Amino acid sequence: LAGRTRTQAADLLDAMRADLLGQLAIDDEPPAVRAAFDTSYATLPQAARDVFRLIGRAPGQDISLPAAAALFGQGTAQVASELARLVRAGLADHLPDDRFRLHDLLRRYATELPAPPDDAALHRLFGYYHHTTIAAVATAVQGVIRLDHDPCDPEARPLSFNCAASASAWL
């Protein structure tokens, strides 16, 4: 913003709010960030593209492998393979404990892409979180009384816990 008038700076901020990725440039060259993301994204097979777009819509800063599998509706092995493709393409970061994160700009890019044709994805993810939370609380806290109302996905595959410490750590 150096060397710009207040009006020019305000205009640039308005343009960035409307199209951040299209406005980001390197050394006053034409906008290159979106083009770089487009190039990386275009090299991916369709399954990896779908995982990328779904993870971009998931709440939170990062996502675990089991949660990503629930979101995608596949087993962890298949989703791990697609996540590894995203990491190799520079579109995701692999964090400790098999967690994955999209950089803020990549998350924004993912949400700007057309949503994958899977309306149930977030429902599966929330069902996974719901059932895993129930399992963790039942393991970590003795004497919890649970009501029999379960509105979430009955096909969710929650994690199981073998001790209170692991359940508490997950929570």
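The exercises below work through a predicted model of one protein, each with a solution in steps.

**Exercise 1. Overall make-up**

State how many helices and strands the protein has, and in what order the elements run.

Solution.
- Start with the count: the secondary structure comes to nine helices and three strands.
- Next, read from the N terminus: the order is α-α-α-α-β-α-α-β-β-α-α-α.
- Then turn to burial. The protein has 171 residues, and 32% of them count as buried.
- Last, look at contacts between residues at least 6 apart in sequence. Of these, 66% join residues at least 24 apart.

**Exercise 2. The sheet**

Find the order of the strands in the sheet and name the edge strands.

Solution.
- Three strands form an open sheet, in the order E1-E3-E2.
- The pairing is antiparallel.
- The edge strands are E1 (63-64) and E2 (93-95), since each pairs on one side only.
- Now take one pair. E1 and E3 (residues 99-101) are joined in the antiparallel sense over two bridges.
- One bridge can be named: Ser64 has Arg99 in E3 as its partner.
- As background, strands of a sheet pair through backbone hydrogen bonds, either parallel or antiparallel.

**Exercise 3. The loop between E2 and E3**

Compare the backbone and the exposure of Asp97 with those of Asp98.

Solution.
- Place them. Asp97 lies in the loop between E2 and E3, and Asp98 lies in that loop too.
- Check phi. Asp97 has a positive phi of about 65°, although it is not a glycine.
- Asp98 also has a positive phi without being a glycine, with a value near 50°.
- Check exposure. Asp97 has a relative accessible area of 72%, so it is exposed.
- Asp98 has 36% relative accessibility, so it counts as partly exposed.

**Exercise 4. The largest nonpolar core**

Identify the residues of the largest nonpolar core that touch the most other members, and the elements that build this core.

Solution.
- The core has 32 residues.
- Those touching the most other members are Phe52, Ile55, Ile63, Leu71, Leu83 and Leu86.
- Elements giving two or more residues are H3 (33-42), H4 (46-57), H5 (65-72), H6 (76-88), H7 (104-112) and H8 (121-140).
- H5 gives the most, with seven residues.
- Follow one member outward. Leaving aside neighbours within four places in sequence, Leu86 contacts Leu44, Ala48, Val51, Phe52, Leu91 and Ala92.

**Exercise 5. Helix H5**

Decide whether H5 is mostly covered or mostly open, and list what covers its buried residues.

Solution.
- Count first. Seven of the eight residues of H5 are buried, and the helix is mostly covered.
- Name them: Leu65, Ala67, Ala68, Ala69, Ala70, Leu71 and Phe72.
- Their cover includes H4, E1, H6, E3 and H8.

**Exercise 6. H5 and its helix partners**

Describe how H5 packs against H4 and against H6.

Solution.
- Know what to look for. Two packed helices are described by the angle between their axes and the distance between the axes.
- Take H4 with H5. Their angle is about 105°, and their axes are 10 Å apart.
- That makes H4 roughly perpendicular to H5, because angles of 65 to 115 degrees count that way.
- H4 brings Ala47, Asp50, Val51, Leu54 and Ile55 to this contact, and H5 brings Ala68, Leu71 and Phe72.
- Sort the residues of the contact of H4 with H5: seven are nonpolar, none is polar and one is charged.
- Now take H5 with H6. Their angle is about 100°, with axes 9 Å apart.
- H5 and H6 are therefore roughly perpendicular as well.
- Here Leu65, Pro66, Ala68, Ala69 and Phe72 of H5 meet Thr76, Gln78, Val79, Ala80 and Leu83 of H6.
- Sort the residues of the contact of H5 with H6: eight are nonpolar, two are polar and none is charged.

**Exercise 7. Phe37**

Work out where Phe37 sits, whether it is buried or exposed, and how far it is from Leu91.

Solution.
- Phe37 is in helix H3.
- Its relative accessible area is 14%. Buried means under 20%, so Phe37 is buried.
- Phe37 and Leu91 are 54 residues apart in sequence. In space, C-alpha to C-alpha, Phe37 and Leu91 are 7.9 Å apart.

Note on methods: Residues are numbered from 1 along each chain as its sequence is written. This is a predicted model: local features need pLDDT of at least 70, side-chain atom pairs count only at pLDDT 80 or more; totals for chains, interfaces and linings use all residues. Side-chain values use heavy atoms; hydrogens and water are left out. A nonpolar core is a set of buried Ala, Val, Leu, Ile, Met, Phe, Trp, Tyr and Cys residues joined through side-chain atoms within 4.5 Å. Buried means under 20% relative accessible area, exposed over 50%, partly exposed in between (1.4 Å probe, protein chains only). Helices (H or I, at least four residues) and strands (E, at least two) are DSSP runs, numbered from the N terminus. Contact means heavy atoms within 4.5 Å. Two strands pair if DSSP finds at least two bridges between them. Axes are lines fitted to C-alpha atoms, for helices over the stretch in contact, and angles run from 0 to 180 degrees between N-to-C directions. Angles under 35 degrees count as roughly parallel, over 145 as roughly antiparallel, 65 to 115 as roughly perpendicular and the rest as oblique. Ala, Val, Leu, Ile, Met, Phe, Trp, Tyr, Cys and Pro count as nonpolar, Asp, Glu, Lys and Arg as charged, and the others, Gly among them, as polar.
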